[in-house]
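Hi everyone, thanks for coming. Have the structure open while I talk, and we'll go through a pocket and some aromatic rings.

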Amino acid sequence: MKKKYQQFIIRLTILSLIAGALVYIAVRLFPPGSVSPALPWIIVLLFVVTAIVHYILLRITLLNPRKFVGYFMLTTFVKLMIYLIVMIIYVFNVKEGLLAFVLSFFILYIIYTVFEVVTILSQTKEQTGKK
């Protein structure tokens, strides 16, 4: 499990660095206000939450593979609630650039979610295939 998690963190870091580089390019190319200033923090939030959730899911699969689906759904729900709370707090505290923030958050959320699902499915297939 430790090796799989380390591989995941390396890939997640690469994904986040690429996202950060694209944000940097977008800030330079697009006019002010069209890119949310919170974008780097969104990447940090998605990185941290994705890393924690992936660790939990790997542990559950290792301990009891039959409980994986339930825990996967639970962690997905908790992630959505965390992200929703962050978005609500941002919307109530920052009045400018909300569309850019919401669109950026949504696009990054989709990217990180696809990355996580593809990775966890391949890792759980490997793990359950070995037993």
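**A pocket and a ring cluster**

Let's start with the pocket: helix 1 contributes the most to the lining of the largest pocket, namely six residues. Helices here are DSSP runs of H or I with at least four residues, numbered from the N terminus. A pocket, on a 1 Å grid over the protein atoms alone, is an open set of points where a 1.4 Å probe fits, with protein on both sides within 12 Å along at least five of seven lines; lining residues have an atom within 4 Å of a point.

This is a predicted model, where local features need pLDDT of at least 70 and side-chain atom pairs count only at pLDDT 80 or more, while totals for chains, interfaces and linings use all residues. Residues are numbered from 1 along each chain as its sequence is written, and side-chain values use heavy atoms, leaving out hydrogens and water.

Which residues are closest to the centre of the largest pocket? They are Leu 22, Val 23, Leu 39, Ile 107 and Leu 108, out of 14 that line it.

Now the rings, which pair if their centres lie within 6.5 Å (planes under 30 degrees apart are stacked, over 60 edge-to-face, the rest tilted). There are seven aromatic pairs. Tyr 83 and Phe 105 meet edge-to-face, at 5.6 Å centre to centre and 70 degrees between the planes. That pair links distant parts of the chain, with Tyr 83 in helix 3 and Phe 105 in helix 4. Ring pairs join both of them with Tyr 90, Phe 101 and Tyr 109 in a cluster.

Notes: Helices (H or I, at least four residues) and strands (E, at least two) are DSSP runs, numbered from the N terminus. Rings of Phe, Tyr and Trp (its six-membered ring) pair if their centres lie within 6.5 Å; planes under 30 degrees apart count as stacked, over 60 as edge-to-face and the rest as tilted.
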